[in-house]
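This briefing addresses selected features of one structure. Its topics are strand pairing, a helix contact and internal cavities.

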Amino acid sequence: MAAARLTPNGVAAALAGDTNLKPVVQIVELRGVNVNGAGAGVARSDRFRAVVSDGASTSSALFAAQLSDLARSGVLRRGGIVQLVEYVINDVGPRRIIVILNLEVLVSECEIIGNPTMLSETGFPNPNSTRVEQFNGAPQHGLIAGNTSDTTTRPSDNVSVFHRSMAGNSSNIATRPSDKVPVFQPTVQPSYRPAPNYKNHGAIMKNEAPARIIPISALNPYQGRWAIKARVTAKGDIRRYHNAKGDGKVFSFDLLDSDGGEIRVTCFNALLDRFYEVVEVGKVYVVSRGNLRPAQKNYNHLNNEWEILLESGSTVDLCPDEDSSIPSQRFDFRPINEIEDAQNNAILDIIGVVTSVNPCTTIQRKNGMETQKRTMNLKDMSGRSVEVTMWGDFCNREGSQLQEMVECGVFPVLAVKAGKVNEFSGKSVGTISSTQLFINPDFAEAHSLRQWFDAGGRDASTQSISRDITPAASRNEIRKTVAQIKDERLGMGDKPDWVTVKATVIFFKSDSFCYTACPNMIGDRQCNKKVTKGTTGNWCCDRCDKEFEDCDYRYLLQLQIQDHSGTTWVTAFQEAGQELLGCSARELYTLMEREDPRFKDTMLDCLFQDYLLRLKVKEETYGDERRVKITVAKVERVDPSAESKYLLDLISRSSALY
């Protein structure tokens, strides 16, 4: 007779902490639960709960996310017999449940075996618990002592029969008659004997065994005790915020384990103070205890639906011995030509040879904060090049090193981990807080690029995907003349028009080139509102209702530009003013106050020079009058080589029309 034998006392053994037993149990109840809080109309379950039985006792169980498809497809069903290959025990309040990470299906379905009872919260049978009638719908026969087996049969012609060796004189056996079917013999499961380290003379009230290290991919919110061993691949900067609850600070770091699983860990306030100096990129840690919450995909690009929020009981312990099984980093490089089809704000990895690096500039973000910006160009074997924008500390750290190398004639290979795609000017890639830059890294892709570049790739023609300067570009990148701004009534719509104009600055209003600004920080941004000097000699800000001994100076340039078609007035604010004049507004104001001749020289140096000006054109209302306001968003000196290519391309396109 072919049969599948349940492991005697398997449920009690598992609940007591024996995670090496691999018991054979039966599913006596199975239902889906939605862990994401979706509405009742959502038919798809995210997780599946079960009640498992060893023929005498039952326990609640939860299937890990990777097993959900087995339940949805019907491979796992009520009455099925399975072997628990990998599992952990989770304490949920006073109850204890089995979280099943991996299993093997032995019998897809059969009648309920034995007459099991639900174990109590302590892990021992509860004499008052409901017996198996609640699962099977009718009383079942219990075990009979001696050589008689309690057997349930179910006619079937096309089923697999599984056989387990008999141990002892009494057993719980599920059988199905069949003539010619395969017979599978799983490993014989011994009766449960508690491990010596965890024996107790009384009832087991709490699992004191150390948390078992599990793969990152096996983490789920229903695990009370878990630990992961992983390498820190990225560490973010400390970010400060202000909300209704007050001021706060936060940082996060990314982990990678030996199975390739990745997850982000976040710390707030006191936890930041505790762990920020402990965590170092490249080192291996054991992280245990923490709250698993759904990953915020707007900020978290890792391939994991969860992220870890550390709590007061969390631990982050450094592993003193290096674990070579855990890689130092995981890349998924995309050729530059594929970035053309990438979605805006997509996070990806690229690698290329640095062909040029521009000087660092200071600009003002939309939130009023100033930051450093530096751009460079990468090319690869796909025949395309892309502009990479570095922000913040990247500019003076890796950016300065790259600029020195390029100026010395050394064109390094650069790998960008977690760059963000931007569509503002064609397609470009920018750094974010979790971005990492690797200069001349030691892996196969970098060596291949170096060989290609040195063997002739340096002189290979490439097309940039970052600056589409042809007339077929989108409206934001269309080249216009000064006269066309008026003739085509740009800026009259609901949204502003963005155009690029090649023009010359012919006049400045030097008497009002800047204004006095409030230096007060509101959260993570500067106020920047205009301040006036009070009777006390201090600077007063009406918005902040505060006085300051000193103020900031910010550009507010009124200038006239001209091309071959006409002239117009434009306004340049802080970042555009610095790009034009090459110094800060405070420095220029100091020169003016001292009547230093360098003030006049600085103003005159930028006159009658050719620039590519990115302009924002929008109609605004001043009192009862409506007028078009033109603001300079970006300033670039004309590159003769690039301008020649643009004109040649324009000529060829025009010739093709006739």
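In which sense do strand β5 and β6 pair, and over how many bridges? Strand β5, covering residues 81-92, pairs with β6 in the antiparallel sense, and the pairing extends over eleven bridges. The model is a predicted one. The points below treat the pairings of β6, a three-strand sheet, the packing of two helices and the second largest cavity.

**Pairings of β6**

- Within the pairing of β5 with β6, V99 in β6 is the bridge partner of V88.
- Strand β6 spans residues 95-107 and also pairs with strand β4, residues 57-63, in the parallel sense.
- The pairing of β4 with β6 comprises three bridges, and A61 stands opposite I98 in β6.
- Strands of a sheet pair through backbone hydrogen bonds, in either a parallel or an antiparallel arrangement.

**The sheet β33-β34-β35**

- Three strands form an open sheet in the order β33-β34-β35, and their pairing is antiparallel.
- The edge strands are β33 (532-533) and β35 (546-548), each of which pairs on one side only.
- Two bridges join β33 to strand β34, residues 539-541, in the antiparallel sense.
- T532 stands opposite C540 in β34.

**Packing of α11 and α12**

- Helix α11 (residues 585-593) packs with helix α12 (residues 597-605) at an angle of about 130°, and their axes are 7 Å apart.
- Angles from 0 to 180 degrees count as oblique when they fall outside the ranges under 35, 65 to 115 and over 145; α11 and α12 are therefore oblique to each other.
- On the α11 side, the contact is made by L588, L591 and M592; on the α12 side, by R598, F599, T602 and M603.
- Classified by residue type, the contact of α11 with α12 has five nonpolar residues, one polar residue and one charged residue.

**Cavities**

- Two cavities of 30 Å³ or more are counted in the model.
- The volume of the second largest cavity is about 40 Å³.
- Which residues line the second largest cavity? The lining consists of T233, A234, D254, E262, H301, L302, Q329, K417, A418, S434 and Q436.
- Strands β12 (227-235) and β24 (413-422) each supply at least two residues of the lining of the second largest cavity.
- By class, the lining of the second largest cavity divides into three nonpolar, five polar and three charged residues.

How values were computed. Residues are numbered from 1 along each chain as its sequence is written. This is a predicted model: local features need pLDDT of at least 70, side-chain atom pairs count only at pLDDT 80 or more; totals for chains, interfaces and linings use all residues. Side-chain values use heavy atoms; hydrogens and water are left out. On a 1 Å grid over the protein atoms alone, a cavity is a set of points where a 1.4 Å probe fits but cannot get out, and a pocket is an open set with protein on both sides within 12 Å along at least five of seven lines; lining residues have an atom within 4 Å of a point. Grid points are joined across faces, edges and corners, and a volume is the space filled by probe spheres set on the points. Helices (H or I, at least four residues) and strands (E, at least two) are DSSP runs, numbered from the N terminus. Ala, Val, Leu, Ile, Met, Phe, Trp, Tyr, Cys and Pro count as nonpolar, Asp, Glu, Lys and Arg as charged, and the others, Gly among them, as polar. Contact means heavy atoms within 4.5 Å. Two strands pair if DSSP finds at least two bridges between them.
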